Amino acid sequence: LLDTPICDFGKLASAFSLYDFDGRKHQMRAGEKGLLIAFICNHCPYVKAIIDDFVSDADQLIGEGVRVFALMPNDYQNYRDDSPEKMKEFAKRHKMTFPYLVDETQKVAKAYGAVCTPDFFGYNQNLELQYRGRLNDKNPSRTQDHHQNSELLNAMRQIIKTGHGPQTQHPSMGCSIKWRD
């Protein structure tokens, strides 16, 4: 179990070109109003607790001009539940409408400083980091109504309006990324 570091406001997004579970290549680029990158995986109980809320928020943000990418950084050779085949099933089951990409070399996760799943990075239209926090305060041991407090959705909407994220942000909490040896 790890917590994410605090937001490094203004840090520029690192460019990437990655493949999804079907072998289609995707280039990192912002939407008209910003960019949201989520490091997730299939097997983490913290991801499982928030995935449907995340997909709902992502769909709303896409409709508001934010481009969304989910990246799977784990070593799936040793964690078979995170294999591309399982990613495809996971994306379909949770009705993901955005690319779910394999960070095969883990270089992208390292470039972003991702530490856990889930780990969220919210950027303004200039690709400047403005949010590094949790989706909401839900965790695997308790459930609640998501939309009473979607910190990620509220932060991204503030970024859309002002170009700047909230000064107060709570770290995301999740399973450590499964790094290769």
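**Ring contacts, cysteines and strand pairing**

The charged end of K178 sits over the ring of Y79, 5.9 Å from its centre, where such a contact requires NZ of Lys or CZ of Arg within 6 Å of the ring centre and within 35 degrees of the ring normal. This is a predicted model, in which local features need pLDDT of at least 70 and side-chain atom pairs count only at pLDDT 80 or more, while totals for chains, interfaces and linings use all residues. Residues are numbered from 1 along each chain as its sequence is written, and side-chain values use heavy atoms, with hydrogens and water left out.

User: Why is the pair of F16 and Y112 edge-to-face?

Analyst: Rings of Phe, Tyr and Trp (its six-membered ring) pair if their centres lie within 6.5 Å, with planes under 30 degrees apart counted as stacked, over 60 as edge-to-face and the rest as tilted. The centres of F16 and Y112 are 6.4 Å apart and their planes stand at 65°, so the pair is edge-to-face.

User: Is C44 buried or exposed?

Analyst: Buried means under 20% relative accessible area, exposed over 50%, and partly exposed in between (1.4 Å probe, protein chains only). The relative accessible area of C44 is 0%, so C44 is buried.

User: How many disulfides does a search of the whole structure find?

Analyst: A disulfide is a covalent bond between the sulfur atoms of two cysteines. The criterion is a pair of cysteine sulfur atoms within 2.5 Å. By that criterion, the number of disulfides found in the whole structure is zero.
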